[in-house]
Amino acid sequence: MTFSMKRVMAIFQKDMKDLYKNMYVSSTILMPLIFAFFYGRMDDLTVEVHFVVINLTLAIVTAFLQCSIIAEEKEKNTLRGLMLSPATIPEILGGKSLVTFILTAITIILCTMLTGYEPTNIGIIAIAIVISSLFYIALGTLMGLISRTVIEASVLILPVMFIFGFGSMFVPFAEQYPILSVIDYLPNIQLVELAAAVEAGSGFGDVLGNLGIIVAWVIIGMIATVIVFKKRELDE
Amino acid sequence: MENIIEVKSLAKIFGNKAALEDVSFQVEKGETFGFLGPSGSGKTTTIKILTGQLLQTSGDATVFNLPVTSLNKPSYRKRIGVITDNSGLYQRLSIYDNLKLYCDLYDVPTKRIDEVLEMVNLTEDTKKVVSKLSKGMLQRVTLARAFLHEPELLFLDEPTSALDPVNSKHIHDGLRKLNEKGTTIFLTTHDMSEAESLCKRVAFLHKGKIQLLDEPKVLRRQFSDSSVTVELKDGRELNLPGGSKGANEIYKYLSTDQVVSIHSNEPTLGDIFVEVTGRELV
C-alpha cells in the first residue's frame, strides 16, 4: 500500500478552495461560536458546560462538515473520479479529513477562548479532543458515504448531531431507564467524564479507560468507513 | 500483437434483465477499438466492468493480463483513463483547478494542463468556473482530464455526444495524437462517422450481444452488393449492378463521354447496423 503526501495535500488544497466558496457548509462553523459567545457571558462555567460547546463543535463542525463534503463528492460523481485515480483509500480519506480536522481545531480553540476554558492539564485534554475528532470524522465520512445527496446527508446527520451534541442531557435518565446506560459509553460522554476527572486532578493513567473507550469508537468508525468506501467503489 | 483487453463469454444480469450475454472480444495494444450500439445496448456496462466499477455476473475479462476484479490497485489506475457518464467535475472550481488536482494525483507536471486544453480547444477558458460552462465545454474538460497523464489505455464512453462538429474534430485530432503516441483507445459511440474515422476495428453491440466485429472497410465490403451509381451529363443517376453486365453499361457511357461521376455503393456502418440488427443506431 503506497501513501503519497502529495496526493493527500492535492485533495486537501482542492477541498479548502471548494469549501471557501461553499457558504452553506462553511457557515455551520458559526453555530458553535455563537453558543460559545453566549455561554462565555455567564459566570463560573463548569467543565460540563465547556464541553457542551466542544461536543457541539465535534457534532456540528466535524461530523456535519465531513458528511457534507463526502456526500457532495458522491452526488456530483467526483468521488468516483478520485476512486479511479491512483489515490489510495488512506490518501483520499486523509486528504478529505484534513480540512475538517483543521477547521475543527480552529473552531474549538476559538470556542474555548470565548468561554474562557483553561484546562488543568491541556496535554491530556488536547489528546482526548484529537482522538474524539477522529471518531467524528469517521462518523461523518460514513454518513456521507451512505447518503445519496447532500440534502439526504443533512437529514441523516441530524440524529447524530442530536445524540452526540446534546447526549449529556440524557445522562440523568440513565439511572431511571437502565437501557439508556449505554449512553455512558458514548464518546461524547466519555470526553466529558475525562475532562471532569482531569479537572479534579486525575493524571494520564487515571483517564486511560475513558481514552480507551473513545479509541474503540474510532477503530469501529474507521473500519465501518473503509468497508462502506470499498463497497462504494463498485456500482450495484 | 499483444492483447491489452481480453474478454471471454462476459455476461451481466441486472435483476432478471441481461445487459450483456456471452460477449467475447480482444483489443490489441495500440489499437482504437470501437464498441458501437444504441443506448441501452450494454456499452457503458462493458466499460464499467473493464474498469473495475462493476462486477460481471459470469465470464472472464482481463486488462493488462489482470482479472478485472483485481484492478483497484493504484499502479493499474495510473495506466488507464476513464470517461463515462458519471465522470464529475468540481463545480465551484475553475477548469485549471480541476485539472491541477488530477495533475497532482497522477504526478504529472502542471504545464501539461496547457497541452490538454489545446487538444480540447479550451485554451482561452482556463480560469472559467466549471458551474458556468456549457454541456459541451464540460465534456471537453472531462476529456482533457482523461488525457492529462497520457494513459496506456483510455476508455471513452460517447466522448463527443454533446459536441458540435468543430469541437468533435478537435477531440478526434487529439485522440489520434494520443493513439500515435501509443495509447490504446476503447471507444463506445453511436456515431458511425466517428467510429469510421477513428477505429481500426469495430464491434456492433445489440441487446447485450456482439453481432459483428471487424475492420470498418472489411464490413463495408462484406455487406456491399458491388453496385455503382453513375451520374450522367444529362442529369440522370443510374444504379448499375456489379459484374460484366454493369461493366458493359459503364463502358458504354464512358466511351460516349456521358459520365460525370461513378461511385461504388458501399454501405455505411449505420446501414450495416440496421441490416444486422433491424434498428437504427440512436
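Helices here are DSSP runs of H or I with at least four residues, and strands are runs of E with at least two. By that rule, residues 92-116 of chain A are 96% helix and 0% strand. The end C-alpha atoms of this span lie 36 Å apart. The model is a predicted one.

**Annotated spans of chain A**

An unreviewed UniProt entry annotates residues 92-116 of chain A as "transmembrane region". The same label in that entry covers residues 21-39, 51-71, 122-146, 153-174 and 207-229 of chain A. For two of the spans, helix content and end-to-end distance are as follows.

| Span | Helix | Strand | Distance between end C-alpha atoms |
|---|---|---|---|
| Residues 92-116 of chain A | 96% | 0% | 36 Å |
| Residues 153-174 of chain A | 82% | 0% | 29 Å |

**Nonpolar cores**

The largest nonpolar core has 61 residues. Phe147(B), Phe204(B) and Leu269(B) touch the most other members. Helix α3 of chain B, residues 95-106, gives the most to this core: seven residues. A second core is separate and holds 39 residues. Among them are Ala59(A), Phe64(A), Ile131(A) and Leu194(A).

Which residues does Phe204(B) contact, leaving aside its neighbours within four places in sequence? Leu36(B), Lys209(B), Ile210(B), Gln211(B), Leu212(B), Leu219(B), Leu269(B), Ile272(B) and Phe273(B) are in contact with Phe204(B). Leu269(B) appears in that list, and Leu269(B) is also one of the residues that touch the most other core members.

**The largest pocket**

The largest pocket has a volume of about 430 Å³. Its lining has 19 residues. Nearest the centre are Thr84(B), Asp85(B), Ser87(B), Gln139(B) and Thr142(B). By class, the lining has ten polar, five charged and four nonpolar residues. Helix α5 of chain B, residues 135-147, supplies the largest share, with four residues.

**The cavity**

How many cavities of 30 Å³ or more does the structure hold? There is one. The largest cavity contains about 150 Å³ of space. Its lining has 18 residues. Closest to the centre are Gly81(A), Leu84(A), Val82(B), Tyr106(B) and Arg145(B).

Both chains contribute to this lining. At least two residues each come from α5 (78-83) of chain A and from β6 (80-83), α3 and α5 of chain B. Strand β6(B) gives the most, with four residues. The lining divides into nine polar, seven nonpolar and two charged residues.

Helix α5 of chain B thus appears twice: in the lining of the largest pocket and in that of the largest cavity. Helix α3 of chain B supplies residues to the cavity lining and to the largest nonpolar core.

Notes: Residues numbered from 1 in each chain as written. Chains lettered and ligands numbered in written order. Predicted model: local features only at pLDDT ≥ 70, side-chain atom pairs only at ≥ 80, totals over all residues. Heavy atoms only, no water. 1 Å grid on protein atoms, 1.4 Å probe; cavity = no way out; pocket = protein on both sides within 12 Å on 5 of 7 lines; lining within 4 Å. Points joined across faces, edges and corners; volume = space filled by probe spheres on them. Nonpolar A, V, L, I, M, F, W, Y, C, P; charged D, E, K, R; others polar. Core = buried A, V, L, I, M, F, W, Y, C linked by side-chain atoms within 4.5 Å. Buried < 20%, exposed > 50% of the residue type's maximum accessible area, 1.4 Å probe, protein only. Contact = heavy atoms within 4.5 Å. UniProt positions renumbered as here; feature names shortened; annotations may be inferred.
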